[in-house]
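Let's take a walk through this structure together, with an eye on charged pairs and surface side chains.

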Amino acid sequence: MGDVDWIPALAALAVGLVGGAIATWRMVLARRTGSPAEGAGSSPAVRDLDAKTDSLFRQLSELALLAEK
């Protein structure tokens with residue numbers, strides 16, 4: 001095995017981390033300000049997906065707490 005060029009790998013990692021941080025930031029801002037999908041005119045499918053997402057995050061939080069014990 002020869003020398004490994006770490007620059008492209010680190011660049012891809014940095015781009016992924018920055019992209020994830022931006023996506024997370026936008027989701028947090030949308031929840032704080034009340035995104036249009038949460039309004040009274042949102043479709044039942046969007047509300048269902050939102051409820052499923054909340055449920056999944058609750059379950060993951062519970063699993064994380066159980067793993068700490």
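The paragraphs below begin with the salt bridges and end with a nonpolar patch.

This is a predicted model, in which local features need pLDDT of at least 70 and side-chain atom pairs count only at pLDDT 80 or more, while totals for chains, interfaces and linings use all residues. Residues are numbered from 1 along each chain as its sequence is written, and side-chain values use heavy atoms, leaving out hydrogens and water.

Side chains of opposite charge can pair when their charged atoms come close. A search of the whole structure finds 3 salt bridges (a side-chain nitrogen of Lys or Arg within 4 Å of a carboxyl oxygen of Asp or Glu). In one of them, Arg31 pairs with Asp50, with the closest N and O atoms 3.4 Å apart. Asp50 lies in helix α2 (residues 44-68) and Arg31 in helix α1, so this pair ties together parts that are 19 residues apart in sequence. Helices here are DSSP runs (H or I, at least four residues), numbered from the N terminus.

Arg31 also forms a salt bridge with Asp54, at 3.3 Å between the closest N and O atoms. Asp48 and Lys52 meet in a salt bridge as well (3.5 Å, N to O); being 4 residues apart in helix α2, they are separated by about one helical turn. Through shared partners, salt bridges join Arg31, Asp50 and Asp54 into one network.

Now look at helix α1 (residues 7-33), where Leu17 is found. Leu17 counts as exposed because its relative accessibility is 56% (exposed is over 50%, buried under 20%, partly exposed in between, with a 1.4 Å probe and protein chains only). Leu17 joins Val4, Trp6, Leu10 and Leu13 in a nonpolar surface patch with about 560 Å² of accessible area together. Patch residues have over 30% relative accessible area and no salt bridge; like charges are joined within 9 Å and nonpolar side chains (Val, Leu, Ile, Met, Phe, Trp, Tyr) within 5 Å. Accessible areas come from the Shrake-Rupley method with a 1.4 Å probe, and for residues only the protein chains shown count as cover.

Notes
Helices (H or I, at least four residues) and strands (E, at least two) are DSSP runs, numbered from the N terminus.
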